[in-house]
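Hi,

Here is the structure I promised to pass on. Have a look at it first, and then read my notes below.

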Amino acid sequence: MSSEGKIAWAIRKNSPELKAELNAFVATHKVGTTFGNILRNSFFKQDKIVKRAYSPSDVDRFQKLVETFGKYGDSYSFDYLMLMAQGYQGSQLDQSRRSPRGAVGIMQMLPSTAKDKVVGISGIYKDPDRNVETGAKYLRHLVETYIYDEALTAKDRQLFAFAAYNAGPGI
C-alpha cells in the first residue's frame, strides 16, 4: 500500500475555469465523503489495481503484436501505439480475454459490432490480426461518423474516438 503519496490533477496552464470546477469537485468529494471514501477504498487501500506493465509476459505480447498494430495503424490512420494502448487497457493484449458482456480478444470487440455492416469483419474470436483490424476500423468509423466537428484537429477527433470506444455511439 502506498503511503504519504500525493495525488493531483494535471491541467493545462491558464485554465482558471477548469481549475475552479476541479477545486469545487474535490471540496465536495474528498476523503470523508461517501464518494471519496469509496475511491480511497477501491484504489488506495490495495495495490491490486496497479499492474506492472513491463512484465516479461506483457513485453512478449507487445513484441509479437507490434507489427500487426503498425499495419492497422497505417491502414486506418491511427498511431499504432495509441491502438496498442487501447488493446492493453482492455485485455493486456491477450487474445484469449472475454468480458462478461461478450467482448472478445485483444481489442475487446463485441461480435455484433464486428459483424455490423459498417465494420464487417469476421473471425475476431481466434485471430488476433482480425481482432486488431476490427478495433482500428471501428475507431475510424467513430471518427468519420460521430466526431465531425471541423473545429477539432484530426488528433483531437482521434482522442475523442478512443474516449468513446467502449461506450459506443448510442451513449
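I started with helix α4, where the buried residues are L83, M84, Q86, G87 and S91. Keep in mind throughout that this is a predicted model. Looking down the axis of α4, you'll find those buried residues inside an arc of 155 degrees, so they line one face of the helix. That fits the usual geometry: an α-helix has 3.6 residues a turn, so residues three or four places apart point the same way. As for what sits over the buried residues of α4, the cover includes α3, α6 (128–146) and α7.

The helix itself has twelve residues, and from first C-alpha to last α4 reaches 16 Å, close to the 16 Å expected at 1.5 Å a residue. Both ends are worth a click. At the N-terminal end, D79 acts as the cap of α4, with a side-chain oxygen 2.8 Å from the backbone nitrogen of L81. After the other end comes Q92, which has a positive phi, near 60 degrees.

One more residue in α4 caught my eye: G90. G90 has a relative accessible area of 36%, so it counts as partly exposed. Its C-alpha is separated by 9.2 Å from that of N166, although the two are 76 residues apart along the chain.

Next, the core. The largest nonpolar core has 26 residues, and the members touching the most others are F69, F78, L83, I106, M107 and L139. Helices α3, α4, α6 and α7 each put in at least two residues, and α6 gives the most, with six. If you want a single residue to centre the view on, try L83: setting aside neighbours within four places in sequence, L83 is in contact with F69, Y72, G73, F78, M107, A136, L139 and F162.

Now the rings. How many aromatic pairs does the structure hold? There are three, and I'll go through two of them here.

- F25 and F35: the ring centres are 5.8 Å apart and the planes sit at 80 degrees, so this pair is edge-to-face. The pair links distant parts of the chain, with F25 in helix α1 (residues 16–29) and F35 in helix α2 (residues 34–44), ten residues apart. F25 is partly exposed at 35% relative accessible area, and F35 is also partly exposed, at 37%.
- F78 and F162: here the centres are 5.6 Å apart with the planes at 80 degrees, so this pair is edge-to-face too. F78 is in the loop between α3 (56–75) and α4 (80–91), while F162 is in helix α7 (residues 154–164), 84 residues away in the chain. Are F78 and F162 buried or exposed? Both are buried.

F78 and F162 also tie back to the core notes, since both appear among the contacts of L83.

Last stop is Y125, in the loop between α5 (111–115) and α6. Its relative accessibility is 41%, which makes Y125 partly exposed. Leaving out neighbours within four places in sequence, Y125 is in contact with Q95, R98, V104 and P111. From Y125 to I106 the C-alpha distance is 9.4 Å, with their positions 19 residues apart in sequence. I106 is one of the core residues that touch the most other members.

Cheers

Methods:
Residues are numbered from 1 along each chain as its sequence is written. This is a predicted model: local features need pLDDT of at least 70, side-chain atom pairs count only at pLDDT 80 or more; totals for chains, interfaces and linings use all residues. Side-chain values use heavy atoms; hydrogens and water are left out. Rings of Phe, Tyr and Trp (its six-membered ring) pair if their centres lie within 6.5 Å; planes under 30 degrees apart count as stacked, over 60 as edge-to-face and the rest as tilted. Helices (H or I, at least four residues) and strands (E, at least two) are DSSP runs, numbered from the N terminus. Buried means under 20% relative accessible area, exposed over 50%, partly exposed in between (1.4 Å probe, protein chains only). The expected span of a helix is 1.5 Å times one less than its number of residues. The arc is that of the directions from the helix axis to the C-beta atoms. Contact means heavy atoms within 4.5 Å. A polar contact is a pair of N or O atoms within 3.5 Å; within protein, one must be able to donate a hydrogen and the other to accept it, and residues adjacent in sequence count only if both atoms are side-chain atoms. A nonpolar core is a set of buried Ala, Val, Leu, Ile, Met, Phe, Trp, Tyr and Cys residues joined through side-chain atoms within 4.5 Å.
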